[in-house]
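Trainee: Please take me closely through one part of this model, the charged side chains that pair with each other, and then show what lies around them.

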Amino acid sequence: ETLAPIHRRISRSSHRITMATRRVSLAAMRSVRARGGGFWGNYPNNSFWSEGTQAAEGAGNLFGESKLPPGVKRVPESWELPWMTCMCVGPVVVLGIGLNLKPETRIAAWAREEAERRLAAEA
């Protein structure tokens, strides 16, 4: 009976905090919507999923490279061959060595070793 007033005061204060937080977050969302932006900023047609625009030449190409004229082959930069070698061949080598050197942890292998040890002890 003595805890009832305390519980009422705590529940009222937590309700006030919840409502104040809700009011602040709603006001923030309304201000973003009023400015025409979304969560990340302004988008064409006010949608993150809209097509968008490309302002600069080559903006839609990978790494911002410009398109080459027809018949011209792209020359790789000096760091690309070592990078691709390390990223493609390196993991294969590391996995190949690592998986071949890992310890045997299957229960069947342990049972086989244990049976061979016991048979050798009996003989």
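**Salt bridges and their surroundings**

Mentor: Arg118 is exposed, at a relative accessible area of 54%. Its salt-bridge partner is Glu114, and the closest N and O atoms of the two are 3.2 Å apart. Both residues belong to helix α3 and stand four residues apart, about one turn of the helix. Through shared partners, the salt bridges link Glu114, Arg117 and Arg118 into one network. All of this is read from a predicted model.

The other bridge in that network joins the side chains of Glu114 and Arg117, with an N to O distance of 2.3 Å. Why can these two side chains be about one helical turn apart? Glu114 and Arg117 are three residues apart in helix α3, which covers residues 107-122, and so about one helical turn separates them. The accessibility of the members can be set out in turn. Glu114 has a relative accessible area of 14%, which is under 20%, so it is buried. Arg117 reaches 52%, which is over 50%, and therefore counts as exposed.

The count of salt bridges in the protein comes to four. One of them lies elsewhere in the sequence: the side chains of Arg74 and Glu80 meet with an N to O distance of 2.7 Å. Here Glu80 is at 15% relative accessibility and counts as buried, while Arg74, at 38%, is partly exposed.

Arg74 and Glu80 also belong to the lining of the largest pocket, along with Leu62, Phe63, Glu65, Glu77, Trp79, Trp83 and Met84. The pocket holds about 150 Å³ of space. By type, its lining residues are five nonpolar and four charged, with no polar ones.

Three of the nonpolar lining residues, Trp79, Trp83 and Met84, appear again on the surface, where they and Met87 make a nonpolar patch of about 480 Å². Met87 sits in helix α2, residues 80-101. Its relative accessible area is 46%, so Met87 is partly exposed; this is over the 30% that a patch residue needs.

As for the setting, the protein has three helices and zero strands, and along the sequence the pattern reads α-α-α. Of its 123 residues, 4% are buried. Glu114 and Glu80 are among the buried ones, and each is a partner in a salt bridge. The protein exposes about 11800 Å², of which carbon and sulfur atoms supply 63%.

Notes: Residues numbered from 1 in each chain as written. Predicted model: local features only at pLDDT ≥ 70, side-chain atom pairs only at ≥ 80, totals over all residues. Heavy atoms only, no water. Patch = residues over 30% accessible without salt bridge, like charges linked within 9 Å, V, L, I, M, F, W, Y side chains within 5 Å. Areas by Shrake-Rupley, 256 points an atom, 1.4 Å probe, with all protein chains shown as cover. Buried < 20%, exposed > 50% of the residue type's maximum accessible area, 1.4 Å probe, protein only. 1 Å grid on protein atoms, 1.4 Å probe; cavity = no way out; pocket = protein on both sides within 12 Å on 5 of 7 lines; lining within 4 Å. Points joined across faces, edges and corners; volume = space filled by probe spheres on them. Nonpolar A, V, L, I, M, F, W, Y, C, P; charged D, E, K, R; others polar.
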